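Grab a viewer and let's work through a few exercises on empty space and its surroundings. Each one has a task, then a solution in steps.

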Amino acid sequence: MNKQSAENFAISRAALRASRFGGMLSRYPRALGWVRRLMLPLAIQDENSFNKHFRFFILLAGCAMSDPKDLRALGILSRDLNAYMENVMDEASDKPMVWSEWNLSNEILRAFDVRQYVPETFAIVSQMAGSDAAVEMIERAEDEGMAPEHCSAAKTAVGALLSNEAPMPDVIISSSHPCDSVASSYQTLQYMTKAPMFVLDTPYWDDEKSFKHYENNLWDLITFLEKHLEQKLDWDKLREICENVNQTNHYLQELSEMSRAVPSPTSVEPLLLSWLGRMAAFGSPNGMEFAELVHANARERLRKKRSFINNEKIRMIWYDVPLVFAPLFPWLEKKFGAVVVSDFMGRIQTVPIDTSSPETMVRDLAKTHLYCTMVRHTRGPAEFYLEEFKKIIDEYSGDCFIFMGHQGCKGGWALRKMFRDVCREAGLPSLFVSSDIFDKRHVTEEEVKRQFEDFFRSNGLA
Ligand code: SF4
């Protein structure tokens with residue numbers, strides 16, 4: 001199988017060192033809680049030459065995850081992330097390397113004996129090494145001809161390949177969802193690597209015919225993988241993975257619902273972190289343990305009618321994506337008592353997988369894949385976005401709506417008027433921010449924060 005030369009993965013190695021350090025500290029959650037408390041004032045306002053290498057981690061362990069019990073959960077999740085990065089960089093391995101697009105649920109892939117790389121995750125890995133590293137990757141891709149209009153995650157994936165930060169693939173799997181950026185960038189990645197590629201054809205509608213179409217696609221994917229990997233899918237392993245997925249989704253779905261309480265016992269941050277962990281290892285025991293723990297901690301606060309912060313004042317409903325280059329939640333929570341009670345990416349809404357036979361597993365995997373974030377909303381008509389949005393407005397007692405628009409997500413931006421009209425009808429103040437999830441050059445953190453301050457003040461929320 002493909003091998004690379006020395007001097008690879010410089011950024012990934014830096015990110016892994018930082019992640020291992022965080023994971024090691026999380027074994028002592030009380031001590032980590034103190035480190036976070038001492039460091040947060042140094043990290044919360046802006047990035048500078050002193051804090052640029054640790055800021056991302058301190059902000060991730062910001063407020064929603066700052067209870068020592070939740071910090072322990074963070075450490076559990078970091079095991080999967082560390083193992084994922086180690087696997088990606090394991091150049092001595094003879095296992096085939098499969099690239100899998102970040103919106104694909106990878107249960108089926110994990111039932112093969114392979115190494116896996118999710119190209120878009122490099123946008124987050126490079127962030128862990130400092131936000132300049134992410135910009136470096138994006139610029140590298142743009143210099144080589146990627147359009148600035150592409151999703152920055154897609155550009156980072158190409159930048160990583162050009163910079164010897166990505167392992168060479170033996171096989172690539174992708175899909176026609178959730179957007180043109182993904183569909184076109186995978187053609188570029190395939191063109192650059194020449195690896196055989198399978199593209200899942202995502203249906204537009206939400207009916208039995210569409211589910212059946214996608215299910216047939218999954219069977220074709222299995223045939224493709226068995227042929228190119230020269231292996232048979234391990235159905236017992238897939239059953240185990242699906243059972244973990246069911247359990248994990250059960251906890252996370254309940255966690256999503258708990259935020260309807262006032263005050264909210266959790267923010268969406270654990271859900272977003274779980275989204276990241278699932279890319280590294282869908283249906284892993286660690287992911288399940290993380291979900292169980294954050295669920296139990298939130299349920300305990302719910303029972304005591306306690307918020308996860310001292311003083312909840314503003315309840316935000318948040319679409320489209322979080323700002324990864326500068327995680328804002330700690331700043332919003334500390335400065336305004338503003339918490340995100342429901343969001344587009346973290347919210348789990350799915351169906352259980354019947355694990356009684358290969359046929360039932362593949363049938364239900366098709367449904368769970370189509371119910372994933374960025375898949376269930378973006379592949380069909382505007383109603384797929386808006387109906388869920390209206391339900392959230394009805395159920396979560398939000399004080400305002402934040403649309404953190406990512407420049408790549410043209411589908412989300414296309415619905416701006418409809419989002420605004422739904423908010424007007426519901427009497428919900430709305431803020432639309434033009435940003436880029438990973439690229440700090442698009443709009444600065446300072447400017448985004450200024451927009452929040454103006455918005456809260458002008459609507460009497462702060
Ligand atoms: S973040 Fe937006 S632009 Fe990027 S892949 Fe997801 S849907 Fe596409």
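**Exercise 1.** Find how many residues line the largest pocket, and which lie nearest its centre.

*Solution.* Keep in mind that this is a predicted model. Start with the count: 43 residues line the largest pocket. Next, go to the middle, where Phe56, Phe57, Leu60, Ala61 and Leu273 lie nearest the centre. Then add the volume, about 870 Å³. For the helices, look for those that each give at least two residues to this lining: α1 (10–25), α2 (29–43), α3 (55–60), α4 (68–89), α6 (122–128), α12 (269–280) and α14 (329–336). Last, sort the lining by class: 35 nonpolar residues, seven polar and one charged.

**Exercise 2.** Work out which helix gives the most to the lining of the largest cavity.

*Solution.* First, the inventory: there are eight cavities of 30 Å³ or more. The largest cavity holds about 200 Å³ of space. Its lining takes 20 residues, with Trp275, Arg278, Phe282, Cys372 and Thr373 nearest the centre. Two helices, α11 (235–258) and α12, each supply at least two lining residues. α12 comes out on top with three. By class, this lining splits into nine nonpolar, seven polar and four charged residues.

**Exercise 3.** List the residues around the ligand and divide them by class.

*Solution.* Collect the residues with a heavy atom within 4 Å of the ligand. That gives Trp102, Cys151, Pro178, Cys179, Val182, Met374, His406, Gly408 and Cys409. Now sort this shell: seven are nonpolar, two are polar and none is charged.

Methods:
Residues numbered from 1 in each chain as written. Predicted model: local features only at pLDDT ≥ 70, side-chain atom pairs only at ≥ 80, totals over all residues. Heavy atoms only, no water. Nonpolar A, V, L, I, M, F, W, Y, C, P; charged D, E, K, R; others polar. 1 Å grid on protein atoms, 1.4 Å probe; cavity = no way out; pocket = protein on both sides within 12 Å on 5 of 7 lines; lining within 4 Å. Points joined across faces, edges and corners; volume = space filled by probe spheres on them. Helix = DSSP H or I, 4+ residues; strand = E, 2+ residues; numbered from the N terminus.
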